[in-house]
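Here's a quick briefing to read with the model open in your viewer. Grab a coffee and follow along.

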Amino acid sequence: MALFKRIESAIDGSIGRRRLGYALLGLVILFFLWFPNDTSQSNYVKTVFISGFFYAILSSSWALLAGIAGQFSFGHMAFMGIGAYVAGLFARDGITFAALGIALTPESISSVGAIVIGTIVAGAVGLVIGWLLLRLRSAYLALFTIAFSELFRIAMLTEYDYTGGSNGLSLRPLLQVADVDTARQIEYYLMFALLIVCLLLMYRVAHSPIGMFLRAMREDEDAASALGVNVVRYKILIFVFTSMIVGLAGAIFYSDIGSERIIPEQLEVLQMSLIIAYAVIGGMESLLGAAAGAFISRYLLEAMREVVITLPLGLTLPDGSDAFVWETGAWRFALFGLVMVFTLRYMRNGLLYPILDWFSGRDLIMQETVSIRKSDDDVAADMEDSG
Amino acid sequence: MSDIQLELNQISKRFGGNQAVDHVSFSVTQPELIGMIGPNGAGKTTLTNLMSGMLKPSGGTIYLNGRRIDGHAPYEVTRAGLGRTFQVTRALNRMTVMENMLVPGLAHNPSARRDNLQERARDILSLLTIEHLTNEYSRALSGGQRKLLELGRLLMLDPLVIILDEPFAGVHPRLQETIYKYIDRVYQDGKAIILISHNMGAVFELSHRLIVLNFGALIADGDPQTVKNDPAVIDAYLGHDEDE
């Protein structure tokens, strides 16, 4: 502890915690940029990373919606699905607006165009849902969004003529690269770039006056409104914004970047629960915490599919080996559940919160406040003594 | 009549069979310090909610600075110049004291420089003797400090009319003095204040005019001494001396 305090003082007296934090963040980004060039890494590991980036977008955007804005929605995966399904259907079937005399054939719609349309439609549905949710809070909001999410999933499952039902819908591939290794590398960078762009956009919103209004709404909608905050506008705005973010992420990820098809199973409440769990473990009031929580959780869940257990004390199995492979199956999710229980009970702000909080230097500001308060108390005591 | 800032005309509010506010009319000029009293359930808080846009009236009109505000959203009423506090303090708990101050500052003036708003916030917090808590989360504040913070947030809005709902409830006497000074300062700055309180000493000491509600209706409106001796007010709220 004394050593830690000494290191802490040395950092505070030199580079400063915040700068050190940014420097470390820069190193993490450099690592991710270098990683695909490591020839010892298989395409499978890169695929796991791509999936990690995707879930990092989903969890961090949910953290913005629920953790920062206080809108505890279970509809996030549905909006992701809307982006993916709409992009896929547009690219496959095109669309005709007879009244306007506009006919878009599949050939006239590019993959990027389909993704843009999917993103816009996700935002438009977010607008409607946001409006319908205006008067709903806490449990009612959660129940409404679960119902909406299930409604969408069942519609996608049932309308198999259009959506492929349980087999899912293949989206038009975004990239046409013959070489598998090169394709995987480009897909990796594309998803990583998308994560960075989404995080920057969300960070900008969270640290703008809008972000402050959103947090005020989270704390007390009536009080925020009485302080001049247009609650209706910002509630709808955050639904549209996060819906578009996950709609875009879904449309890109399932355009053969992370997966070749979207299936209704991905829209189940269980999947939504995982997004929430990642955000809770990382820190649902921190975009970076939620993103890191999602990425690390996804990686560990993959890494734990098969665990090699070496027997201690020179013990051997009947076949003479001193180790065996445990195929964890669903048990890894049970372990993940335990981590979630621990987090909620003991570290409600997330496992990464103490680290992020330390780098923010907030405790230094608090110490300063406390020292001023002590001085005030001393002054008050002096006044009483002299009085 | 150009100095009338707030005007209520025949304002009513009915919840099912309950007439919570019954055709109440009065006007508020600037500056003016009005006390609003009445027994529990008289309709004081409902009337506050009607004036601040939290509730839509069943009938009647409300004008603020010549602009009709009844039925408008609370944020519109606030931006039009009417600020209010709540009977049960509503601090934004997981935000710092400074952030609590910046929310109304930015909502009122989105293009303002944050440095300027922070400077203004510090001045107000200093007036309220809680400047040392600037970086503290408001959940860590005592009940009295939270009341002061709520009062401070109002000043960031620079309102024309301020409604203070039970500002002295559960507040330590030393902090009550700070609230007295605050009310006096705000009045001296030329604002209209409606003070709702069960603290009769404070209401009679501070108010220049008294409004009394009972069963949702306005039963008296005048200078405090006259109202104090009004038989209807004595019957409804103040009561008779035991030896009478």
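What follows covers the contact between the chains, then one strand and its neighbours. Keep in mind that this is a predicted model.

**Where the chains meet**

- Chain B puts 26 residues into the contact, and chain A puts in 23 residues.
- On the chain B side, helix H2 (74-80) and helix H3 (97-108) each chip in at least two residues.
- H3(B) gives the most to that side, with 7 residues.
- As for chemistry, the side of chain B that touches chain A splits into 13 nonpolar, 6 polar and 7 charged residues.

**A strand tucked inside chain B**

- Have a look at strand S7 (residues 161-165) of chain B: 5 of its 5 residues are buried, so the strand is largely enclosed by the rest of the structure.
- Both faces of S7(B) are covered.
- One side carries B:Val161, B:Ile163 and B:Asp165, the other carries B:Ile162 and B:Leu164, and all of these are buried.

**Who sits beside that strand**

- Strand S6 (residues 82-84) of chain B pairs with S7(B) in the parallel sense, over 3 bridges.
- If you want a spot to zoom in on, B:Gly83 has B:Ile162 of S7(B) as its bridge partner.
- S7(B) also pairs with strand S8 (residues 192-196) of chain B, again in the parallel sense, over 5 bridges.
- In that pairing, B:Leu164 stands opposite B:Leu195 of S8(B).
- To get from S7(B) to S8(B), the chain crosses through helix H6 (residues 173-188) of chain B, making a right-handed β-α-β crossover.

Terms used:
Residues numbered from 1 in each chain as written. Chains lettered and ligands numbered in written order. Predicted model: local features only at pLDDT ≥ 70, side-chain atom pairs only at ≥ 80, totals over all residues. Contact = placed C-beta atoms within 7 Å. Helix = DSSP H or I, 4+ residues; strand = E, 2+ residues; numbered from the N terminus. Nonpolar A, V, L, I, M, F, W, Y, C, P; charged D, E, K, R; others polar. Buried ≥ 20, exposed ≤ 12 C-beta atoms within 10 Å, placed from the backbone. Pairing = 2+ DSSP bridges. Right-handed = clockwise from strand over helix to strand, strands pointing away.
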